[in-house]
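Student: I have a model open and want to test its labels against their cut-offs. Can we go through them one at a time?

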Amino acid sequence: SEIQPLSEKLLGNLFSALTLAGSHENEYVMKAIMRSLSVLKEQCVPFVDGLVQHLTAKLTIVAKNPSKPHFNHYLFESICCIMRISCRVHQDHVLTFEHALFPVFQTILTEDVTEFLPYIFQLLSLLLEVRSSEVPEPYVQLYPHLLVPSLWEKQG
């Protein structure tokens with residue numbers, strides 16, 4: 001509660017730090033974002049739209065060439081953290097995440113970015129868990145990508 005008045009500025013400055021030269025995939029900044037979201041909990045819900053936009057944009061970029069495993073891990077943990085917190089508070093945020101992330105998920109699955117597949121499955125699982133209704137069409141559209149035999153032949 002002590003950092004709540006500073007939360008918007010804190011998160012804004014952390015995301016701005018990722019735009020500085022040489023810091024585009026700074027694992028320490030991404031870890032700070034993840035920890036901030038974890039500490040802020042429900043207090044970061046008002047910023048969900050901006051957070052989803054920033055995190056999705058970063059995921060789109062790193063999916064093209066995943067080179068920093070720690071950065072990628074903290075990125076996915078940040079997405080998972082905000083997803084879990086905000087969807088628990090507002091059920092309609094599930095649609096926000098689905099709309100933002102599904103195009104990136106489809107790209108990762110079709111381009112076989114193997115480093116990210118476990119994370120994608122984890123996020124899909126979380127989205128399905130927090131849904132209160134039946135499985136919608138976008139999930140059904142992912143089936144062909146999920147049922148490709150080569151995906152299941154990979155070692156864990």
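Student: Why is Y143 called partly exposed?

Tutor: Y143 has a relative accessible area of 43%. Buried means under 20%, exposed over 50%, and partly exposed in between (1.4 Å probe, protein chains only). Therefore Y143, at 43%, counts as partly exposed. This is a predicted model, where local features need pLDDT of at least 70, side-chain atom pairs count only at pLDDT 80 or more, and totals for chains, interfaces and linings use all residues. Residues are numbered from 1 along each chain as its sequence is written, and side-chain values use heavy atoms, without hydrogens and water.

Student: What makes E42 and R88 a salt bridge?

Tutor: The term needs a side-chain nitrogen of Lys or Arg within 4 Å of a carboxyl oxygen of Asp or Glu. In this pair the closest N and O atoms are 3.9 Å apart, so the cut-off is met. E42 lies in the loop between α2 and α3, and R88 in helix α4, 46 residues apart.

Student: Why do E42 and R88 get unlike exposure labels?

Tutor: E42 is at 41%, so E42 is partly exposed. R88 is at 55%, so R88 is exposed.

Student: How many salt bridges does the whole structure hold?

Tutor: Two. R131 also pairs with E98, with the closest N and O atoms 2.8 Å apart. R131 is in the loop between α6 and α7, and E98 is in helix α5, 33 residues apart. Both R131 and E98 are buried.

Student: Which residues is M83 in contact with, leaving aside neighbours within four places in sequence?

Tutor: F97, L101, L123, L126 and L127. Contact means heavy atoms within 4.5 Å.

Definitions and conventions:
Helices (H or I, at least four residues) and strands (E, at least two) are DSSP runs, numbered from the N terminus.
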